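Welcome! Take a moment to look over the model below, then read on for a short guided tour.

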Amino acid sequence: MRGWSSRVAEGSVFGRWRAVVGDQIADHANPTGLNEGVLTVSAESTAWATQLRMVQAQLLAKIAAAVGDGVVTSLKIVGPVGPSWRKGRYHVPGRGPRDTYG
């Protein structure tokens, strides 16, 4: 029976995100994954990611009050991911400028 109740609690973290954290945070950050108690939150900018890290303890308390203790034990806050230039049309294989100094 515990398996079902934990799944329902995990789902309610996503379903009630806006109600739990408030409109201001919900407009700029969304939960993207929950794995073994670690909730991954994706922020729209690096500034918002920094802001969320500063209020992390309050967010964890709000989440625990809404869905129960132990469902979310920690937050992993990630900012936007920049483009990777490792692949694609403009990538040159090799080590880059370092290999000209050796």
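Two residues are in contact when they have heavy atoms within 4.5 Å of each other. With that in hand, we can say that Ala 29 touches Trp 17, Val 41, Ser 42, Ala 43 and Leu 52, leaving out residues up to four places away in sequence. Please keep in mind that this is a predicted model. The points below start with the whole chain and then visit its parts.

**The whole chain**

- The protein chain contains five helices and three strands.
- Read from the N terminus, the order of elements is α-α-α-β-β-α-α-β.
- Of the 102 residues in the protein chain, 26% are buried.
- Among contacts with a separation of 6 or more, 55% link residues 24 or more positions apart.
- The protein chain exposes about 7300 Å², and carbon and sulfur atoms supply 55% of that area.

**Strand 1 and strand 2**

- Strand 1 covers residues 29–35, while strand 2 covers residues 38–43.
- How do strand 1 and strand 2 run, parallel or antiparallel? They run antiparallel, and six bridges join them.
- Together, strand 1 and strand 2 form a hairpin with two residues between them.
- Glu 36 sits in the loop between these two strands, and its phi is near 50°, a positive value in a residue other than glycine.
- Glu 36 counts as exposed because its relative accessible area is 76%, and the cut-off for exposed is over 50%.

**Ala 29, a residue of strand 1**

- Ala 29 belongs to strand 1 and stands opposite Ala 43 in strand 2.
- Is Ala 29 buried or exposed? Its relative accessibility is 0%, so Ala 29 counts as buried.
- Ala 29 and Ala 49 are 20 residues apart along the chain, and their C-alpha atoms are separated by 8.2 Å.

**Strand 2 meets strand 3**

- Strand 2 and strand 3 run parallel, with five bridges joining them.
- One pair to look for is Ser 42, which stands opposite Val 78 in strand 3.
- Thr 40 lies in strand 2. Leaving aside residues up to four places away in sequence, Thr 40 touches Asn 30, Pro 31, Thr 32, Gly 33, Lys 76 and Val 78.
- Thr 40 has a relative accessible area of 19%, so it is buried; the cut-off for buried is under 20%.
- In a regular strand, side chains alternate between the two faces of the sheet.
- Strand 3 shows such an alternation: Leu 75 and Ile 77 point to one face and are buried, while Ser 74, Lys 76 and Val 78 point to the other and are not.

**Helix 4**

- Which residues of helix 4 are buried? They are Trp 48, Ala 49 and Leu 52.
- Seen down the axis of helix 4, its buried residues fall within an arc of 105°, so they line one face of the helix.
- The face of helix 4 turned away from its buried side carries the exposed residues Thr 46, Ala 47 and Met 54.
- The buried residues of helix 4 pack against helix 3, strand 1, strand 2, helix 5 and strand 3.

**Helix 5**

- Helix 5 has 12 residues and should span 16 Å at 1.5 Å a residue; its end C-alpha atoms are 16 Å apart, which agrees.
- Leu 59, Ile 63 and Val 67 are the buried residues to find in helix 5. They cover an arc of only 40° around the axis, so they are on the same side of helix 5.
- On the face turned away from the buried side of helix 5, you will find the exposed residues Ala 57 and Ala 65.
- Gly 68 follows helix 5, and its phi is positive, near 110°.

**The nonpolar core**

- The largest nonpolar core has 22 residues, and Leu 39 and Ile 63 have the most contacts inside it.
- The elements that give two or more residues to this core are helix 1, helix 2, helix 3, strand 1, strand 2, helix 4, helix 5 and strand 3.
- Beyond its neighbours within four places in sequence, Ile 63 is in contact with Val 13, Trp 17, Val 20, Leu 39, Gly 68, Val 72 and Leu 75.

Note on methods. Residues are numbered from 1 along each chain as its sequence is written. This is a predicted model: local features need pLDDT of at least 70, side-chain atom pairs count only at pLDDT 80 or more; totals for chains, interfaces and linings use all residues. Side-chain values use heavy atoms; hydrogens and water are left out. Helices (H or I, at least four residues) and strands (E, at least two) are DSSP runs, numbered from the N terminus. Buried means under 20% relative accessible area, exposed over 50%, partly exposed in between (1.4 Å probe, protein chains only). Accessible areas come from the Shrake-Rupley method with a 1.4 Å probe; for residues, only the protein chains shown count as cover. A nonpolar core is a set of buried Ala, Val, Leu, Ile, Met, Phe, Trp, Tyr and Cys residues joined through side-chain atoms within 4.5 Å. Two strands pair if DSSP finds at least two bridges between them. The expected span of a helix is 1.5 Å times one less than its number of residues. The arc is that of the directions from the helix axis to the C-beta atoms.
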